[in-house]
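This briefing sets out the architecture and local features of one protein chain. It is grouped by topic and intended to be read alongside the displayed model.

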Amino acid sequence: MLISKVEMKSLMLGWELPPYNSGGLGVACYYLCQAMAERNIEIDFIVPYLENHGVDFMKVVSAMPVSSEITRRAGGIYDSRKWTEEMPIDADVMPGNLHQQRAHLTAFTKHYVTRNKVDVIHAHEWLTFEAGVAAKKLTGKPLIAHVHATEFDRSGELYGNPLVHEIEETALSVADRIIAVSQLTKDLIAKHYGIPAEKIEVIHNGLTPAQLHATGDAASYQYLRAMKHLGYKVVVNVGRLTAQKGLRYLLEAAALVVEKNPKTLFLLVGSGEIRDELITRSAELGIAENIIFTGFLRGTAWRDAFAIGDLFVMPSVSEPFGLTALESLALGTPVLLSRTCGVAEVARNTLKVNFWDTRAMADNILMVLDEPALHHELLVNGQHDIAGMAWLQAAERCAEIYETSARMRGVMV
């Protein structure tokens with residue numbers, strides 16, 4: 001059967017979609033679903049809040065009549081550290097914490113699948129996994145668990161929350177198929193959760209033209225443009241300010257860079273729980289005037305952050321994929337990756353360092369900033385690596401997994 005002819009009904013379980021996202025998970029879900037809709041897959045996408053997403057390629061369903069801001073305050077996919085056994089789990093109470101959010105989503109999903117036809121259940125990340133398992137038990141339809149990150153990734157160099165590990169292990173064991181966003185993630189799932197490797201499919205994230213439109217002149221950063229005219233260089237990082245992202249190591253490397261080249265500025269785009277710690281550490285290292293924290297950005301200001309940079313650095317302790325590295329290359333800025341980034345599986349011709357080796361990180365940053373020929377070579381080769389990356393490819397792979405899983409369970413339409 002040609003994938004373009006596949007017609008199935010997918011129940012997607014997610015926690016966020018743009019413009020109500022707090023990270024890359026919502027972006028990946030949005031563009032993957034858009035591409036899957038082009039492959040004639042009908043999608044009902046359940047989220048835990050009520051907002052108008054303005055999409056016409058799928059049906060977005062609210063599990064709770066509350067705003068995205070209320071659910072954001074209670075917590076989200078990236079807030080696994082907040083999960084405790086002491087939290088009340090009464091699903092009849094409006095969500096004040098992650099337990100209540102999860103209980104609401106699970107209860108709503110169970111109700112939804114008894115009244116709506118679905119052919120496959122596709123759950124994204126740990127807060128939706130219980131709902132996915134419950135839907136599978138009620139309908140007998142295949143469950144696809146899509147792993148964008150594990151608790152081992154989110155916790156950085158720590159073990160993480162054992163309660164979340166238990167949620168992940170249970171769902172991954174019950175799921176018919178598992179989608180991992182990188183081989184790095186597949187290997188981690190197989191090693192730590194004892195899942196057979198043949199049950200896990202690697203589907204890398206992609207790119208779409210809508211993600212790649214920049215103003216071209218980095219108009220959002222007039223100050224940085226002026227400083228670049230004075231001979232300054234700009235190093236960029238875009239992402240959540242969390243332990244997982246390795247920004248503590250980036251600051252240590254930044255101090256070494258500034259020591260050699262004081263005309264280097266570091267633009268950190270994002271928000272997160274270690275923001276104040278990073279600001280304090282910048283001051284302690286004596287580089288506060290070289291570090292610019294923008295907070296969370298969207299749209300033009302977010303895209304222009306890549307365009308204004310001379311180098312994008314992703315120093316993550318554990319990065320299952322790293323979509324922003326693809327976006328940086330596509331928008332014209334070469335990248336330096338830690339070796340623990342899944343995106344390195346596709347962006348092969350990039351500089352790579354160990355996240356903890358701050359001296360090597362600093363040396364590589366200085367080398368790219370000082371050598372225009374190297375800067376050009378890294379950009380050209382990196383763009384060549386990702387030239388074939390597209391969400392349509394990811395959608396085709398998902399459609400194949402849907403069809404195979406449904407056939408194996410004898411529930412094909």
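In strand E5 of this predicted model, the residue Ile144 is the bridge partner of His122. The chain runs from strand E4 through helix H4 (residues 126-139) to E5, and this β-α-β crossover is right-handed. The points below begin with the chain as a whole and then turn to strands, a helix, cysteines, aromatic residues and backbone geometry.

**Overall architecture**

- The secondary structure of the chain consists of 15 helices and 13 strands.
- The radius of gyration is 21 Å, which agrees with the value near 22 Å that a compact globule of 413 residues would have.
- Taken along the principal axes, the box filled by the C-alpha atoms is roughly 65 × 50 × 40 Å.
- Buried residues make up 59% of the 413 residues in the chain.

**Strand E5 and its neighbours**

- Strand E4 (residues 120-124) and E5 run parallel and are joined by four bridges.
- E5 is also joined to strand E6 (residues 177-180) by four bridges, and these two strands likewise run parallel.
- In the pairing of E5 with E6, Ala145 stands opposite Ile178.
- Strand E5 (residues 143-147) is mostly covered, with five of its five residues buried.
- Burial extends to both faces of E5: Leu143, Ala145 and Val147 are buried on one side, and Ile144 and His146 are buried on the other.
- Ile144, the partner of His122, and Ala145, which faces Ile178 in E6, therefore belong to opposite sides of a strand that is covered on both faces, where buried means under 20% relative accessible area.

**Strands E9 and E10**

- Strand E9 (residues 264-269) pairs in the parallel sense with strand E10 (residues 291-295) over four bridges.
- Val269 has Gly295 as its bridge partner in E10.
- Between these strands the chain passes through helix H10 (residues 275-284), and the resulting β-α-β crossover from E9 to E10 is right-handed.

**Helix H3**

- Helix H3 (residues 98-113) contains 16 residues.
- From its first C-alpha to its last, H3 reaches 22 Å, close to the 22 Å expected at 1.5 Å a residue.
- H3 is largely enclosed by the rest of the structure, because 13 of its 16 residues are buried.

**Cysteines**

- The count of disulfides is zero.
- Cys33 holds the cysteine sulfur closest to that of Cys398, but the distance of 8.8 Å is too far for a bond, since a disulfide requires sulfur atoms within 2.5 Å.
- Cys398 is buried, with a relative accessible area of 0%.
- Cys341 also counts as buried, at 3% relative accessibility.

**Aromatic residues**

- Eight aromatic pairs are present in the structure.
- Tyr30 and Tyr31 form an edge-to-face pair, because their ring centres are 5.1 Å apart and their planes lie at 80°.
- Both members of this pair, Tyr30 and Tyr31, are buried.
- Phe57 joins Tyr30 and Tyr31 in one aromatic cluster.

**The loop containing Pro19**

- The peptide bond joining Pro18 and Pro19 is cis, with omega about 5°.
- Most peptide bonds are trans.
- Pro19 is located in the loop between strand E1 (8-13) and helix H1 (24-37).
- With a relative accessible area of 40%, Pro19 is partly exposed.
- Pro19 and Tyr30 are eleven residues apart along the chain, and their C-alpha atoms are separated by 10.0 Å.

**Positive phi outside glycine**

- Most residues other than glycine have a negative phi.
- Asn40 has a positive phi, near 60°.
- The position of Asn40 is in the loop between H1 and strand E2 (41-47).
- Asn40 is partly exposed, with a relative accessible area of 39%.
- Glu125 also has a positive phi, of about 75°, although it is not a glycine.
- Glu125 lies in the loop between E4 and H4.
- Glu125 is buried, with a relative accessible area of 2%.

Notes. Residues numbered from 1 in each chain as written. Predicted model: local features only at pLDDT ≥ 70, side-chain atom pairs only at ≥ 80, totals over all residues. Heavy atoms only, no water. Expected span 1.5 Å × (residues − 1). Buried < 20%, exposed > 50% of the residue type's maximum accessible area, 1.4 Å probe, protein only. Pairing = 2+ DSSP bridges. Right-handed = clockwise from strand over helix to strand, strands pointing away. Phe/Tyr/Trp six-rings, centres within 6.5 Å; stacked < 30°, edge-to-face > 60°. Rg over C-alpha atoms; globule rule 2.2 N^0.38 Å.
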